[in-house]
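Please open the model in your viewer and keep a selection panel at hand. The stops below go from the cysteines to the cores and then to two sheets.

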Amino acid sequence: MSVVHEPARETPVFGEYDVVVLGGGPAGIAAAVAAGRAGRSTLLVERYGFLGGMGTAAGVTNFCGLHANVHGEIRQVVHGVADDLLSRIDALGGLNAPHMIFGKIAAQAYDTAAYKIAADDLLASAKAEVLFHALACGVVKESERSIAALLLETKSGRVAVKGRAFIDCSGDGDLAAWAGAAYEKGDGAGNMLYPSLMFRVNDVDRERAGDAWKTIPELMARAEAEGRHRFPRKGAIVRPQKSGIEWRVNVTQLANASGQAMDGTDARELSDAETLGRRQVAQVAKFLREVPGFERFYIVDIPPQVGIRETRRVQGLYMLTEADVLGCADFDDTIGVNGWPLELHVKGDVEFRFAPIPESRGFNQLPYRMTVTPSLDNLWVAGRCASMTHEAQSAARVTGACFVMGQACGTAAHFALREGTAAARVDVHDLQSRLAAEGAFLGQGDTP
């Protein structure tokens, strides 16, 4: 690639904060709320004009990982900040009751408008500041092991945000990568989890549709066998929203020219993914009109961006593994739990791998060490870009685990600043005590 030489510039400082959080998804929300409640001046930086991450910007409309199958019984295992957000969404009338998937695990749908409003209110209650429409583009370091500022492109021009502690909840590990942290992408052979573009439809006849989520996969297989339709993947998820006449559809799969997953950190591939996703939405919509109850539906929303499942995974002091997830592992430095199974979006399909049910407790603890790096003293990483293998990330990338990691990182940043210590040296026992006092379930025992 050819280059141009930019002149040196002086970048104005937008503000100085104790804690700077990049990314307003569930991890970023929980991190900023935890830091703000601890009395730290906190800024949450978000590229869109609303919070929620993939849950709103990519139209996921579904919380996964809040629950686990504990010896055959579905229980909510993620609490703390997550409960505060759920109660606000519910008060707005935007929260569905949990629903079963494969008869093995529960997820919980919500309306995106209620999520956005509830998240705003939650951040305000914690006195955490939010800067919307700000795209991070780099960092300034004050030493090899310390970050001094995050650089942002805004409608006011380029600005710098100074901070004492930084939490990367970008999903893509942007901040960590710019600061020089080591990371991995994919499974080592160039394969990442495939992205999707979800969409929502309205004017579904709820009575005629019935339990259409049970029959649609069979109807898809028949339509493909008869040569009437072709689909980008198996494993369609078509479920009703709160109203019953509005349904969410998750059936697309986005591959590049070589057939591999589109790379969400590659500008050209990410752009191509958007148009490919909309073409697939149009194709799937033709099929849906053949489903009883969907004859008159219309597409009410295609979200602002495609849903990215995996890009960079930062290498921390510990890397969560597939064996940890399926073996329901315990860790001395637990900060909470993940109850979601492995969910591998592979070429043309979705593969689920569960811990033994009902023999197992159905959740693994998440270690604090997966959120801190060996090379940077004032950086934490939470969410799908935290330290996990490709396989383990397919489980712990979902909402529940992101809430857990975010709340722990926001609280740990407070302790590190209070004690004047590095992220990796935070007293884990103090951290665990604070998390438990604030309602988090650390997985010590089978009952939240």
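## Cysteines

The model is a predicted one, and a search of the whole structure finds zero disulfides in it. Select Cys 169 and Cys 409 to begin: the sulfur of Cys 169 has its closest cysteine sulfur in Cys 409, at 6.6 Å, and because a disulfide needs the two sulfur atoms within 2.5 Å, this separation is too far for a bond. Cys 402 and Cys 385 come next, where Cys 402 is likewise in no disulfide, the nearest cysteine sulfur being that of Cys 385, 8.4 Å away. Are Cys 169 and Cys 402 buried or exposed? Cys 169 is buried, with a relative accessible area of 8%, and Cys 402 is buried as well, with a relative accessible area of 6%.

## Nonpolar cores

Now select Phe 63, Leu 150, Tyr 368 and Trp 380, which are the residues with the most contacts inside the largest nonpolar core, a set of 100 residues. Adding helix H11, residues 399-419, brings in the element that gives the most to this core, with twelve residues. Then centre the view on Tyr 368 and show its surroundings: leaving aside residues up to four places away in sequence, Tyr 368 touches Asp 333, Ile 335, Trp 380, Ala 412, Ala 423, Val 426, Val 428 and Leu 431. A second core, separate from this one, has 29 residues, among them Leu 197, Ala 209, Val 238 and Trp 247.

## A sheet of three strands

Return to Phe 63, and display the strands around it. The open sheet here has the order S3-S7-S6 with antiparallel pairing, and its edge strands, S3 (62-64) and S6 (99-101), each pair on one side only. Direction ignored, neighbouring strands of this sheet are turned by 40° against each other on average. Strand S7, residues 105-109, runs antiparallel to S3 and is joined to S3 by three bridges, and Phe 63 stands opposite Gln 108 in S7.

## A sheet of four strands

The last selection is an open sheet of four strands in the order S14-S15-S13-S16, again with antiparallel pairing. At its edges lie S14 (237-240) and S16 (298-301), each of which pairs on one side only, while the twist from one strand to the next averages 35°. Strand S13, residues 199-202, runs antiparallel to S16 and is joined to S16 by three bridges; Asn 202 has Tyr 298 in S16 as its bridge partner. Finally, add helix H8, residues 267-288, which packs on the sheet and touches S13, S15 (247-250) and S16, with its direction making about 35° with that of S13.

Definitions and conventions
Residues are numbered from 1 along each chain as its sequence is written. This is a predicted model: local features need pLDDT of at least 70, side-chain atom pairs count only at pLDDT 80 or more; totals for chains, interfaces and linings use all residues. Side-chain values use heavy atoms; hydrogens and water are left out. A nonpolar core is a set of buried Ala, Val, Leu, Ile, Met, Phe, Trp, Tyr and Cys residues joined through side-chain atoms within 4.5 Å. Buried means under 20% relative accessible area, exposed over 50%, partly exposed in between (1.4 Å probe, protein chains only). Helices (H or I, at least four residues) and strands (E, at least two) are DSSP runs, numbered from the N terminus. Contact means heavy atoms within 4.5 Å. Two strands pair if DSSP finds at least two bridges between them. Axes are lines fitted to C-alpha atoms, for helices over the stretch in contact, and angles run from 0 to 180 degrees between N-to-C directions.
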